[in-house]
Amino acid sequence: MIERPAVLNVDQTSLDFGATTDKSQIGLRNSGGENLTWQASTSQPWITITPETGSIAPGEARTVEISIPREGQVAGDLPGTVTITSSGGVRDVDVRVLISDAGRLTLSTNTLEYGESLTSL
């Protein structure tokens with residue numbers, strides 16, 4: 001009997017985190033007849049994947065969490081890619097996140113003035 005090879009299916013081709021979402025998920029499914037091994041990688045260091053590797057039995061599915069730490073990121077529309085490489089194919093998921101500079105404090109001078117000097121109380 002000839003087994004059908006592993007086949008990777010991903011339930012989303014893009015994730016838009018917008019201006020407020022920090023976490024999202026993608027679903028991986030093995031629609032083939034053999035065990036599927038996979039590994040996830042990113043095009044940007046600010047994209048976090050949990051778990052990064054795994055295996056999926058025939059007909060089974062797994063969820064992968066994608067996180068975006070917003071703290072310390074440069075403001076702007078940031079694109080990236082999550083790539084799932086597996087024994088059943090390669091799939092890319094486009095990632096987009098908007099980092100707003102609202103609420104950030106920026107100092108542009110080295111001197112602060114408090115008004116007139118007091119010599120006595």
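Select Asp77 first: this residue stands opposite Leu98 in β9. Here a strand is a DSSP run of E with at least two residues, and a helix is a run of H or I with at least four, both numbered from the N terminus. The model is predicted, so local features need pLDDT of at least 70 and side-chain atom pairs count only at pLDDT 80 or more, while totals for chains, interfaces and linings use all residues. Residues are numbered from 1 along each chain as its sequence is written, and side-chain values use heavy atoms, with hydrogens and water left out.

**The hairpin**

Extend the selection to residues 76-86, which are strand β8, and to residues 89-99, which are strand β9. The two run antiparallel and are joined by eleven bridges; strands count as paired if DSSP finds at least two bridges between them. Two residues lie between β8 and β9, and the strands form a hairpin. To check the register, pick Val82, whose bridge partner in β9 is Val93. Strands of a sheet pair through backbone hydrogen bonds, either parallel or antiparallel.

**Across to β4 and β6**

Next select residues 36-42, strand β4, which pairs with β8 in the antiparallel sense over five bridges. Two positions to label are Gln39, with bridge partner Thr85 in β8, and Ala40, with bridge partner Ile84 in β8. In a regular strand the side chains alternate between the two faces of the sheet.

Then add β6, which runs antiparallel to β4 and is joined to β4 by four bridges. Leu36 has Ile56 as its bridge partner in β6.

**The whole sheet**

Now colour the five strands in the order β2-β9-β8-β4-β6; they make an open sheet with mixed pairing. Which strands stand at the edges? They are β2 (14-16) and β6 (53-56), each with a single partner strand, so one side of each is left without a neighbour in the sheet. On average, neighbouring strands of this sheet are turned by 20 degrees against each other, direction ignored. For such angles, axes are lines fitted to C-alpha atoms (for helices over the stretch in contact), and angles run from 0 to 180 degrees between N-to-C directions.

**The loop between β7 and β8**

Move to Arg70, found in the loop between β7 (61-67) and β8. Is Arg70 buried or exposed? Arg70 is buried, with a relative accessible area of 17%; buried means under 20%, exposed over 50%, and partly exposed in between, with a 1.4 Å probe and protein chains only. Show the side chain of Arg70 and look for the backbone oxygen of Gly18, at 3.1 Å. The backbone oxygen of Ala19 is reached by the Arg70 side chain too, at 3.4 Å.

Step back to Pro69, placed in the loop between β7 and β8. Pro69 counts as partly exposed, at 40% relative accessibility. Beyond its neighbours within four places in sequence, Pro69 is in contact (heavy atoms within 4.5 Å) with Trp46 and Thr48. Draw a distance from the C-alpha atom of Pro69 to that of Ile47: they are 22 residues apart along the chain and separated by 7.6 Å.

**Zooming out**

Finally, show the whole protein, with zero helices and nine strands. Of its 121 residues, buried ones make up 30%. Among contacts with a separation of 6 or more, 61% come from residues 24 or more positions apart.

Note on methods. A polar contact is a pair of N or O atoms within 3.5 Å; within protein, one must be able to donate a hydrogen and the other to accept it, and residues adjacent in sequence count only if both atoms are side-chain atoms.
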